[in-house]
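I am opening a notebook on this structure. The entries below record what I looked up, in the order I looked.

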Amino acid sequence: AIIFPAMAMAGLMIRIGVVDVIVTSLLRNVRSPLGLSLSTWIIGVLTSVTTSASAISIIMPFEMMEKKYEELGYSKLDCATMCSTTASPIMSITPWTDVAVYMSGIAGVSTLSYLPYCIWGWGLSIMAILCAAFRIGWHKTSENTASSSSPYA
């Protein structure tokens, strides 16, 4: 019941251009992988806690940040990696999200009880941001790769 309205809201926000306005105003001064990763993390966490849907916490930040990554010469793969490693694990430690409700129901303990032991939930975000700070795994795209629409061209 939570996922369908969240998907509809995300699609509507993207379609009417709300996402573009938010991105251009918030990301005006972002120029480094660290800035991109922190921005992606913040957008992902806000999306996660407001929509409570795990699929949206990956799709929405990617839609919002994809053009900024390309503008700065970074790969869409870097964007997808940051979206999946920073936002979605937060879902497991936010008590009202679909992932946390499921995990609490299966484990029989509250989300806040397993929070210190859920290294996947908070540790992966920290590692992704640290890797961005030291540019580990980040790749600049070449002009030929960035302008080509086909991976086989």
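Is Tyr69 buried or exposed? I looked up its relative accessibility, found 0%, and entered Tyr69 as buried. I note here that the model is a predicted one.

**Entry: aromatic pairs**

I looked for paired aromatic rings and got a count of two. In one pair, Tyr69 and Trp138 are stacked, with 5.7 Å from centre to centre and 15 degrees between the planes. I then checked where these partners are: Tyr69 belongs to helix α4, residues 54-71, while Trp138 is in the loop between α8 (119-133) and α9 (143-147). They are 69 residues apart, and I recorded the pair as a link between distant parts of the chain. Trp138 has 12% relative accessibility; the limit for buried is under 20%, so Trp138 counts as buried too.

Tyr74 and Trp138 make a pair as well, with ring centres 5.4 Å apart. Why is this pair edge-to-face? Its planes are at 90 degrees, and edge-to-face applies over 60 degrees, so the label follows. Tyr74 lies in the loop between α4 and α5 (76-87), so its pairing with Trp138, in the loop between α8 and α9, ties together parts 64 residues apart in sequence. I found both Tyr74 and Trp138 buried. I wrote down Tyr69, Tyr74 and Trp138 as one aromatic cluster. At Tyr74 I also noted a charge: the charged end of Lys140 sits over the ring, 4.5 Å from its centre.

**Entry: helix α4**

I went back to α4, the helix that holds Tyr69. It has 18 residues and spans 27 Å from first C-alpha to last, close to the expected 26 Å. I found a bend of about 40 degrees at Met65. Its buried residues include Met60, Pro61, Met64, Met65 and Tyr69, and Glu66 and Lys68 are also on that list. Just after the helix, Gly73 has a positive phi of about 90 degrees.

**Entry: nonpolar cores**

Which residues have the most contacts inside the largest nonpolar core? I listed Leu36, Met64, Met65, Tyr69 and Trp138, in a core of 23 residues. Two or more residues come from each of α1 (3-15), α2 (18-26), α3 (33-51), α4, α5 and α8. The largest share is that of α4, with six residues. I followed Met64 further: leaving out residues up to four places away in sequence, it touches Val19, Ile22, Val23 and Ile43. There is also a second, separate core of six residues, among them Ile90, Ile93, Ala100 and Cys118.

**Entry: Thr40 and Ser88**

I looked up Thr40 and found it in helix α3. Its relative accessible area is 0%, and I entered it as buried. What does Thr40 contact, leaving aside neighbours within four places in sequence? I found Pro61, Met65, Tyr69, Met82, Cys83 and Thr86.

Ser88 is in the loop between α5 and α6 (98-107). Not counting residues up to four places away in sequence, Ser88 touches Ser57, Ile58 and Cys83. I also checked Ser88 against Ser54: they are 34 residues apart along the chain, and their C-alpha atoms are separated by 6.0 Å.

Methods:
Residues numbered from 1 in each chain as written. Predicted model: local features only at pLDDT ≥ 70, side-chain atom pairs only at ≥ 80, totals over all residues. Heavy atoms only, no water. Phe/Tyr/Trp six-rings, centres within 6.5 Å; stacked < 30°, edge-to-face > 60°. Helix = DSSP H or I, 4+ residues; strand = E, 2+ residues; numbered from the N terminus. Buried < 20%, exposed > 50% of the residue type's maximum accessible area, 1.4 Å probe, protein only. Lys NZ or Arg CZ within 6 Å of the ring centre and 35° of its normal. Core = buried A, V, L, I, M, F, W, Y, C linked by side-chain atoms within 4.5 Å. Contact = heavy atoms within 4.5 Å. Expected span 1.5 Å × (residues − 1). Bend = angle between axes of the 7 residues up to and from the residue.
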